[in-house]
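Visitor: I would like a close look at the empty spaces in this protein, and at what surrounds them. Please take me through them slowly, and then on to the packing and the backbone around them.

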Amino acid sequence: MSATILERLRHDLATLPERTAPQISGQVVRYDGLVVECSGFPASPGDLCLIYPRHAGPGAAPVEGEVVGFSDGKNLLFLDTAGAQITLGDPVVLRRAGRMCEVGPELLGRVIDASGAPLDGRPAPKPSDLWPLAGKPLNPLARGPVKEVLDVGVRILNSSMTIGRGQRVGIMAGSGVGKSVLIEMMTHNTTADVIIVGLIGERAREVGDFVSRVMTPEAAARVCVVAVPADRSPLLRLRAANRTTAIAEYFRDQGKDVLLIMDSLTRVAHAKREAGLALGEQPTAKGYTPSVISMIPSLIERCGPGLPGQGTITALYTVLADGDDTTNDPVVDSARAILDGHMVLSRAQAQRGIYPAIDLPASVSRVMNDIVPPEHVTASQRLRRLISLYNENRDLMLMGGYSAGQDKDLDAAIKNWPQIEGFICQMKHEKVTFEESQKQLLELIGMTS
């Protein structure tokens, strides 16, 4: 080989990182306002593309879309901006940047969107690591058990629905019964090392209010918020759910105990339904497509305990029950089947001014019996029974249809109801540790014996 060829080869290798990769592109052939069909080029689902509208005016920004499938030799792209000014023949360029997200400690104290761009008016964060947006699969037999209590600072939860590190719990309720206030209390009071909050599909005003209350100077050092309001594309809402979970997985991999709060899982399911219907999936119960039912467990199963030497992700998912139906809604049913517990918020309790409005008899923690002492479990079961008896017979008592002495447990519930109600109620800014909650529960149950 001649010296000239060797010198040219060395030069080519030295300048390789500076060279621009050849662009892979196609053209728009169909557009319905949300889904773009373009001439086929090598790409796979999850890849991102840029569409350059030729007639949108000078300086118009390109429109981003994600490859979601193929049809008759053409690529299908789901846009992150509905109603973009795209015309037939507009160029589509492959970006190949859709499968990884930037993660790192630099995200703590920040509010970002589905693409990782800042929403807090500060310079863009520059995280040092990358993590797969779809997560890394873990061997289920190698993952650790849920064996330690996570203190969330809420008395009724710490005492009667104890949450373990690595547990996945649903918060199920209709609208306006205090879900956001409850997760705000847990965000302020928990002992978790890192808190990742996904505000997905919520009202823009609520996003701003929540961030202003949560991002206090003392809490910001361990909180990251991913926010995508309800008026954004379903693609962005889905990407935000995956980014939220990916950030939590990264910190778990670093050995941290993470509290992940996603508000709400229902809005994520709605986004998946919109995408599925736009791509021609057949609707099933309440219009949900089959891809929605398969997405819920795949998202939830990414949380939980990690491998030996790693941390945990304790996940709280709010689930909006349409019309307060917490039994027949497909999203509620699917989530309840895969979660390690669920708490139901009662509108009746909220209307009586009992906050947090947790319906204890209808709620369950599947790991509580394994992480607290037997006397704690017994006291919790006793409290559930007293609350259930009182609520079931409340109307009868108000009408004067019950006479004392007919049921010993109901008599105890009636006699001690002011104390029980005081035990359930907790002010938003009040913090009650797990040890205090356990002690107060045992004292309360001792009064009712």
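**The second largest pocket and its surroundings**

Guide: In this predicted model, the second largest pocket holds about 310 Å³ of space. Its lining is made up of 18 residues, and those that lie nearest its centre are G176, S180, E202, R203 and E206. Two helices, α3 (179–189) and α4 (204–214), each supply at least two residues of that lining. By class, the lining of this second largest pocket has ten charged residues, five polar ones and three nonpolar ones.

Some of these names return when one turns from open pockets to enclosed space. There is one cavity of 30 Å³ or more, and the space in this largest cavity comes to about 40 Å³. The cavity is lined by S180, L199, E202, E206, V207, F210 and D263, while S180, E202 and E206 are also among the residues nearest the centre of the second largest pocket. Helix α4 gives the largest share of the cavity lining, with three residues. Taken by class, the lining of the cavity has three charged residues, three nonpolar ones and one polar one. As a general matter, rolling a probe the size of a water molecule over the atoms is what shows where empty space is left.

D263, which is part of the cavity lining, also deserves attention for its backbone, since a cis peptide bond joins D263 and S264, with omega at about 10°. S264 itself is found in the loop between β13 (257–263) and α6. A cis peptide bond also joins Y355 and P356, where omega is about -5°, and P356 lies in the loop between α9 (347–351) and β17 (364–365). For context, most peptide bonds are trans, and most residues other than glycine have a negative phi.

Helix α6, which follows the loop that holds S264, leads on to the largest pocket, where α6 (265–278), β4 (63–71), α5 (234–253) and α7 (290–300) each supply at least two residues of the lining. About 670 Å³ of space lies in this largest pocket, and 27 residues line it, with G46, E66, L238, N242 and K272 the closest to its centre. The classes here are 14 nonpolar, seven polar and six charged residues. Both domain 1 (25–95) and domain 2 (100–369) give residues to the lining of the largest pocket, so this pocket lies between the two domains.

Two of the elements that line the largest pocket, β4 and α7, also border loops with an unusual backbone angle to consider. D72, in the loop between β4 and β5 (74–79), has a phi near 55°, a positive value in a residue other than glycine. D72 is exposed, because its relative accessible area of 74% is over the 50% cut-off. K286, in the loop between α6 and α7, likewise has a positive phi, near 55°, without being a glycine. K286 counts as partly exposed, at 46% relative accessibility.

A contrasting loop is the one between β2 (35–39) and β3 (48–51), where F41 lies. F41 is buried, because its relative accessible area of 8% is under the 20% cut-off. Setting aside residues up to four places away in sequence, F41 touches I24, S25, G26, C49, N75, V92 and L94. F41 and T244 are 203 residues apart in sequence, and from C-alpha to C-alpha they are 30 Å apart in space.

The nonpolar packing completes the view. In soluble globular proteins, nonpolar side chains tend to be buried together. The largest nonpolar core of this model has 56 residues, of which I156, L157, L182, M186, V225, M343 and L383 touch the most other members. Helix α11 (residues 374–398) gives the most to this core, with seven residues. Domain 2 (100–369) and domain 3 (376–445) both give residues to the largest core, so this core lies between them. Apart from it lies another core, of 51 residues, which includes I112, L133, I296 and A335. Within the largest core, L157 can be followed in more detail: beyond its neighbours within four places in sequence, L157 is in contact with V152, T162, L182, M186, M343 and I358.

Notes: Residues are numbered from 1 along each chain as its sequence is written. This is a predicted model: local features need pLDDT of at least 70, side-chain atom pairs count only at pLDDT 80 or more; totals for chains, interfaces and linings use all residues. Side-chain values use heavy atoms; hydrogens and water are left out. A nonpolar core is a set of buried Ala, Val, Leu, Ile, Met, Phe, Trp, Tyr and Cys residues joined through side-chain atoms within 4.5 Å. Buried means under 20% relative accessible area, exposed over 50%, partly exposed in between (1.4 Å probe, protein chains only). Helices (H or I, at least four residues) and strands (E, at least two) are DSSP runs, numbered from the N terminus. Domain bounds come from an automatic or database domain assignment. Contact means heavy atoms within 4.5 Å. On a 1 Å grid over the protein atoms alone, a cavity is a set of points where a 1.4 Å probe fits but cannot get out, and a pocket is an open set with protein on both sides within 12 Å along at least five of seven lines; lining residues have an atom within 4 Å of a point. Grid points are joined across faces, edges and corners, and a volume is the space filled by probe spheres set on the points. Ala, Val, Leu, Ile, Met, Phe, Trp, Tyr, Cys and Pro count as nonpolar, Asp, Glu, Lys and Arg as charged, and the others, Gly among them, as polar.
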